[in-house]
Structures are given as C-alpha cells and as structure tokens.
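Me: I would like to go through this model term by term, asking each time what a label rests on. Please set each value against its definition before concluding.

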Amino acid sequence: MNTLLSEDQRDALQELMNISMGQAANALARLVGAKVTLSIPRIVSVTPLQFAEMLNDTDVWYTRQSFLGHIRGEVLTVLSKTGCDSIGELMDYEVPLDHDALSELLLELANILAGACLSGFTEQLALNAKLSMPTLFFPENQQTVHVHWASTLMMEVEFKVEASQFDSRVVICLEDIAVDTLLQALNRLLE
Amino acid sequence: MQNTSLLSKLVSRLPLGICIVDQSYKILFWNDFFTDRLGILQQDMSLPNLLELFPHEARFLKKKINSVFVLNNASFSYWEHRPHVFQFRSSRPITGEETLMFQNIEFFPLDVEAQQVNTVCMVVQDVTELASYYQAQKKLSGQLEQEHAELMKLNSKLEAAQNQLLQSEKMAAIGQLAAGVAHEINNPVGFVSSNLQSLQDYNTKLFKLVQFYQKLFAKINHPTYQTLEQDMLKRQQFAFISTDLPELLHESIEGLERVAAIVKNLKAFSHVDSSEWQYANIIDGLENTLKIAANQIKYKAEIHRNYQPNLPELYCQPMQLNQVFLNLLVNAAQAIEDKGDIYIDVAATESAITIAIKDTGVGIEKKHLQKIFEPFFTTKPVGTGTGLGLSLSYSILQKHKASLSVKSEPGKGSCFTITLPILATEQLSESPVSKN
Amino acid sequence: MPIPVTIADDSLMSRKAVKRALPPEWDVDITEACNGKEALLAVESGKAEVLFLDLTMPELDGFGVLKYLHEHHAKTIVIVISADIQPEAKRLVDSLGAFRFLHKPLQAEQLRETLFEVGLI
Ligand SMILES: Nc1ncnc2c1ncn2[C@@H]1O[C@H](COP(=O)(O)OP(=O)(O)OP(=O)(O)O)[C@@H](O)[C@H]1O
Ligand SMILES: [Mg+2]
C-alpha cells in the first residue's frame, strides 16, 4: 500500500533515492568511462505475487545480496543480457566473455551499483547497513510459496549505459521491521 | 592494554587471512594466515609490497584494490571465477586431491576520511573444503543429468516402440476380425449366390411356361374365358412382374457379386502374415487399397491416376505398404471438405520408386507441419482420428528405408511423397534371425 | 535590504535542506519554485538575484532554465545543486554559465564557502 507513506515522506524518499542513485551512476560512469542515464526512482510496496512477476523476465540476469544493520533487506540487481560484452570491454575484460568471466562481470557490476545505491541512501539517513557479497540468482529455481512476508517496500531505479545496449535495474527491498526504522529516520530528516 | 593483546592474539589465530594495504599497495598489516603460508616469520621481515609479492595475480589485485579506493565500496572475488588469487598450498595436503587453496576474498575500504579511502583491507577465506565438495556435487549432478538424459531417450524410444506395437496390434486385430468376418460372410454369400442363379434359371423357365399357356389359350378363343384371363392378368400385375422380376434378379446377383468382391478385398488386405517380405507390384497394392477405401473417398474426391508403366516389382512388406497408402488416402479424403481431387503419381528411377499422393484439401498449418508425424497428434475431432496414422506410416516406411515428406499450403492442399529405394533383399531384411 | 533568493527544486525535502544550510545571519527573501517554469517566473519578477537550481525537474529542467538565463539574464547568480554528479553534467552546466556545481546531499559548509566566494556574505 502506497498510503503507507505520507506525501512528504514519499517526496523525501524519492529525493534520497535520486541522490544515492546519482552517486551510483557516477561510480558506474567512472568505472566504464561512459555516460550513464538514470530513470526516475519508483517506490512501491509489493506483494509476493507481484514480486514473483518481476522475476519472470528471461532476457535478464539477476543477482542478489543481503544487507544488515539498522535496516535489513535484500538488493536485487537486474542486468540485461544484451550489451554485456560491450560493458565487459569497457571494463577491461577479455571479450567475448566466457561463462566465468560473465558471472564475474555481472557480480562486479551488481556490487558496484548496489553498494553505491545503498551506502548513499543509508548515509543520508544516518543509518548503517553492510552489504554481503552478491551471488547470481536464478528465480526460476525458486518456489514462491515459501515466502515469509506479506508485503515489502521496493525502491527501484534503472541505469542505462549510453554507447552500449546495456541496462540494469537496482531494486532495494526492505524487511517489514526495517520499514519502521526507515520511516523514523525519514521523519528525523523532515523535522 | 589487556584488550589490545587479546585482540592481537585473536587476529593472529583467526582462520581468515587479513591484509591491509595503502594506496601504493604496500602492506601495512597482515596476520599469521599469510605469513604461515608464505613460510615467513612475522617479525622477520619488513613489510613488502603486495603486488611484488604476488606477481601472478598482480593485475587483478591492482584492479580490485583500485576500484575500492576509487569507489569507496567493497568488492569481492569468488573461488568459482578465480580460485587461487593467492597461490597458497591446499589446506588438505595429505588427504585432499586439490593442490592449491580455493579462496573467497572481500576487499573493503577500512580507513575512510571525508570520502577519501586511505587503506583497503582484504579478508581471505579458505573455502577449499566447500569448493571441492561443490565440485564433487557438480560432477555428480552432471553424471546424473547425463544418465537422466539417457533414460529419457530410452523412455521415448520405448514409448515409440510401444505405440508402434499398439498400432500393429490394432491392425492385426482388425485384420483378424476382417478375416473372420470375411470367412463368415463367404459361406452365406456362396449359397445365396448359387440359389439366386437357380432362381434366375427357374424364373426363365416359368415365364416360358406362362407364354406357352397364353398361346394355347388364344387358340381356344372363348370370349368369357378370355375376359376372365385378362382380368386375372391385370389383377396380378403380370405385365409389371414379367419385366421387373428379371431386373430384380439381375440387380441382386450384381449386388451379391459386389459383396463377394469386397470380401475378397478384405481377405487380401488382411493377409494372414501381413508383415511378410516379398516381391510385389506397388500399383496392385495401391489399387487394392483404393477399393478398400472407396467408400470414404468416392463421395469426396475424384481419383486421378498417373502411373508410370512397367514399374519393377519391389521387395517389400506389401500389406504394410497398403496400410501406408490407406492412411494417406484416407487423410487426403478427410482433408477435403466438400468435393475435390486426389492425384496419385507413381514413377520410378533406377534406384527408387516415388509415390505422390496429392489432395486439394484444407492443407496443413505451418506450425503443425513438424508435429503431424508424432504419435497422437491429430486435429480431428475426438473419436474421428487417433493421430496414429502418419506415425505408423512413418515407422513402416522406416523399415523400408523409405522416406516420407510433405508439402502443404493451407487452403490449397497437401502432397505426401513416399520415396521407396529399390534395394537388394539383404539390405532390407531385419536383424538376422537366430538359427536354433 | 534583503537579497531576493529563489530555491528551485521539485523535492520539498531538498528545498528544506537548502534553506537549512543557508547561513542564519544572511539577510534573504526566499522564494520557492517546484519546477523550471516557476523558477523563470521568479527570475522575471525580480525575485532571484541568486538562484539555487536543481537539474532534474518536471515541466522545464535545470538545463533549460540555465539556457534561458544564459541568453536573457546573465546577471543572475546560479548555483546548481544536483543529484546527477557525472562529469558530463558538470561540463554542460559550466558551459551554460552556472557559477558553481554542488553535489547533493548538500553540505552546509560547502554552501557557505561558495557564498563567500561569490561575495554574498
Ligand atoms: N492430407 C492432409 N491434409 C491436411 N491435413 C493432414 C493431411 N494428412 C494429415 N493431416 C494432419 O495430420 C494430422 C495427423 O494425421 P494422422 O494420420 O497421423 O492422424 P489422424 O488422421 O488425425 O488420425 P488417424 O489416422 O489415427 O485416424 C491430422 O489430424 C491432420 O491434421
Ligand atoms: Mg489419418
């Protein structure tokens, strides 16, 4: 339910995302030496079903990593299958990428984006959260029936690297209790 | 004081490698994990430069560490991609198969001042055990997968074989039934036919007799009796009967002849050993089959034959080939919605006989073309088609080393072409029969 | 007399952040704008001797505002405060005559330094 957030809280969250994503985009841009464009962040609360639908795309790779600290949750990074080679080339990988090199590249990209997004975000809120190492994620092997949550707050933004076909989405998903912590921190910021 | 010494003891005993470097990759600190494995005594040596110490992976280390300095963000290295960044000996030198240590490494900014990273820490985790377990599992699952694939292949073969068996059983049963029925019908047809012959005979005689009496009567020339006779003839419809009776008899005899022909065909079709290999004429087979299928075809399509004369006889299983022709002809007729044509072309070269059966029916959709030879694929309503016709035909033709191809244009019609190679007998006979 | 200052940002929080970062002793008359058009209106009606400008805004974005000002109101002192901190954005902003390119989240000391450099405080 998006009514979960007041208008001011939504505005603040959106702006925080904007800023941290800007930092992530800058990190990526520096790494690949090419301009990165950003979408407007999307903030929604989703049910397990909606979440599972998001994981239905066969044209992308998924990675996941969890974070722990004042707030907890998982960051999913969704990376397009197209354009991986050209990104790899920008990042000094040997192309065409073989299986191992591709996984390494995907995990590195995911880690940079997720790391920058999350740290930018938590720093501004004076919270801390430490990211674990990312792993590739194959949702088709996953059974959605076993989830332990009813809804999660999801913050999503899309990165596109100009000069290659590559694009990627970072999705930060918060655990239920973390949402409360987040709201408190937001309110502090808004006082 | 107490605490720092505890802490340093802990760090030296940790089952993790810890190494801290500055911007020039100079090592500022490392724990025993490194020194033990390098065979250096901690206090022995001034701290070296990381890249010089590990020239092997210097390029990779440099890239990783740089990215942490620049981005102020942790970075990881996985054993799956880079198993031995630090070339340490395996942690299981005696019992393990591995010679080098598998490791996961985390690189993270340790000391950060105003967004500026001053030092980077590496934490190395020995995951040899995990890696070799994982690899063993992977090998195992690879084997399983392979076995599974083989089983699946076997399974589908079995299924195909079973279908074939089922179908040939079905055909055999129908054959036996037909043979039985044919036999049963043959007897009554026989005596009815001979009785009819006699009836026809008697009938002619009786008419002769009546004509004789009529002539005799005319000679008597008695008006009263003649009126009486005319009345009687009229009332008994003699004039009509005398023309109709021979016709009835004639029709009945003809009908019975047709019954006899059908019975004969049935017998031919359900030849006792339908899989017998012998020399046979393809045209005869086609014609026999056409007779069998006449009822399903004649209201739907006109048959146009184009047979090359003087075809060689072919060593084959004629009854099985008839089965194929029947399937194709019935399919062709069923594809025709109202009225249409079926063209049968037979031609031979030195090495093969080709039989093309072309119809002007509804045709086959492109997406179905791949599937029509699969057992149980049918587009016909339940009860009409079993979807076995083509798959059975296909397997029969395989035994003849023949091919079956199809061309179709939806809305226009289809053409099925059989190419039967003319082979020597030994090339065709199946696996040698054991002499017991 | 207070200096007319306009803060243009579509986010309420960011406008608040700018207001909070302004030195308390600085005598200003603040106008807020939620998009580029409103920002230009403020400039046209003399309410923006100094303009704090965000880049991503609806209706008309920061680059559009800069372009217009560059051509018509070169006197306005523009300080860009942006979430897009890629070198490309900075280059463009510089070429359009902005005075400074500050990164979000805004640091109060940095803003103060900037104001000092311009000679506003
Ligand atoms: N001459 C044809 N024209 C159009 N479609 C055809 C033709 N021959 C076969 N087909 C298509 O191929 C399918 C499979 O044919 P097949 O002979 O194997 O089974 P069937 O005719 O449906 O059933 P069965 O032969 O067991 O009674 C048919 O259902 C039909 O869709
Ligand atoms: Mg059929």
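Me: Which residues of chain A does the UniProt annotation "domain: CheC-like protein" cover?

Reply: According to the unreviewed UniProt entry, that annotation covers residues 9-44 of chain A; UniProt positions are given in the numbering used here, feature names are shortened, and annotations may be inferred rather than shown by experiment. This is a predicted model, in which local features need pLDDT of at least 70 and side-chain atom pairs count only at pLDDT 80 or more, whereas totals for chains, interfaces and linings use all residues. Residues are numbered from 1 along each chain as its sequence is written, chains are lettered from A and ligands numbered from 1 in the order in which they are written, and side-chain values use heavy atoms, with hydrogens and water left out.

Me: What is the helix and strand content of residues 9-44 of chain A?

Reply: The span is 67% helix and 17% strand, and its end C-alpha atoms lie 13 Å apart; helices (H or I, at least four residues) and strands (E, at least two) are DSSP runs, numbered from the N terminus.

Me: Why is C:Asp54 called buried or exposed?

Reply: C:Asp54 has a relative accessible area of 2%, and buried means under 20%, exposed over 50% and partly exposed in between (1.4 Å probe, protein chains only), so C:Asp54 is called buried. The unreviewed UniProt entry places the feature "modified residue: 4-aspartylphosphate" at C:Asp54, which lies in the loop between strand 3 (50-53) and helix 3 (62-72) of chain C. Not counting residues up to four places away in sequence, C:Asp54 touches residues including C:Asp9, C:Asp10 and C:Lys104, where contact means heavy atoms within 4.5 Å.

Me: What makes the pair C:Lys104 and A:Glu15 a salt bridge?

Reply: A salt bridge is a side-chain nitrogen of Lys or Arg within 4 Å of a carboxyl oxygen of Asp or Glu, and the side chains of C:Lys104 and A:Glu15 meet at 2.2 Å, N to O, so the pair satisfies the rule. The interface of chain A and chain C has 1 salt bridge. The elements that give two or more residues to the side of chain A that touches chain C are helix 1 and helix 5 (176-190) of chain A, and helix 1 has the largest share, with 12 residues.

Me: How do you know that A:Glu108 and B:Lys64 form a salt bridge?

Reply: Their closest N and O atoms are 3.9 Å apart, which is inside the limit, and the pair therefore counts. Between chain A and chain B the count is 4 salt bridges.

Me: What area do chain A and chain B bury between them?

Reply: They bury about 1,600 Å², 49% of it on carbon and sulfur atoms, buried area being the accessible area (1.4 Å probe) that two parts lose on being put together, summed over both. A:Glu104, A:Asn111 and A:Met133 supply 34% of the area that chain A buries against chain B, more than any other three residues. For chain A and chain C the buried area is about 1,400 Å², of which carbon and sulfur atoms give 56%.

Me: Why does A:Ser164 count as buried?

Reply: A:Ser164 has 15% relative accessibility, a value under the limit for buried, and therefore falls in that class. A:Ser164 is found in the loop between strand 7 (152-161) and strand 8 (167-174) of chain A, and, leaving aside neighbours within four places in sequence, is in contact with A:Ser86 and A:Ile87.
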